[in-house]
Amino acid sequence: MKQPPQKPTASELEILRVLWTRGPSTVREVHDALGEKKDIGYTSVLKFLQIMTAKGTVRRNETQRAHVYEACLPAEQTKRQLASDMLERVFEGSASQLMLHALAGTKTSREEIEELRRLLNEHERNRR
């Protein structure tokens with residue numbers, strides 16, 4: 001039976017965000033994208049990608065001279081898995097507690113609150 005990919009660390013999530021945004025990319029391309037935000041070495045990015053390949057969060061295409069990496073799962077599926085895991089482990093399955101703590105810990109814009117209302121209404125309509 002195939003194991004689901006392991007949960008990514010914070011650094012691995014940064015790399016996944018690059019791959020989700022750019023699509024399949026070389027180590028150099030991922031390094032350049034991350035370098036715009038923080039100081040990180042090329043070999044560190046390479047090592048992270050090798051670890052992520054072993055964990056099954058990215059796959060490596062070796063048909064070209066420069067290996068190309070891509071995320072194994074789409075962003076939405078990964079985010080859903082991480083949120084579901086946090087919901088169960090931290091908030092004992094209570095979505096309202098998760099929402100309350102998320103909103104209490106950050107400044108939320110009017111647009112985000114309206115988006116949350118719209119999503120809750122849509123979720124409630126789909127449950128009927």
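Let's start with a lining you can pick out by eye: A95, S96, M99, L116, L119, L120, E122, H123 and N126 surround the second largest pocket. Bear in mind as you look around that this is a predicted model. The space inside that second largest pocket comes to about 250 Å³.

Which elements build the lining here? Both α5 and α6, the latter running over 110–127, put in at least two residues each. The top contributor is α6, which supplies six residues of this lining. As for chemistry, the lining of the second largest pocket splits into five nonpolar residues, three polar ones and one charged. If you want to find the charged one on screen, go to E122, since Glu counts as charged.

Now move over to the largest pocket, whose volume is about 630 Å³. It has 16 lining residues, and those closest to the pocket centre are K79, R80, L82, A83 and S84. Three elements each give two or more residues to this lining: α1 (10–22), α4 (75–91) and α5 (95–104). Of these, α4 takes the largest share, with 10 residues. The five residues closest to the centre, K79 through S84 in that list, also fall inside the 75–91 range of α4.

What is the chemical make-up of the largest pocket's lining? Eight of its residues are nonpolar, seven are charged and one is polar.

One element links the two sites: α5 gives two or more residues to the lining of the largest pocket, and α5 also supplies at least two residues to the lining of the second largest pocket.

Methods: Residues numbered from 1 in each chain as written. Predicted model: local features only at pLDDT ≥ 70, side-chain atom pairs only at ≥ 80, totals over all residues. Heavy atoms only, no water. 1 Å grid on protein atoms, 1.4 Å probe; cavity = no way out; pocket = protein on both sides within 12 Å on 5 of 7 lines; lining within 4 Å. Points joined across faces, edges and corners; volume = space filled by probe spheres on them. Helix = DSSP H or I, 4+ residues; strand = E, 2+ residues; numbered from the N terminus.
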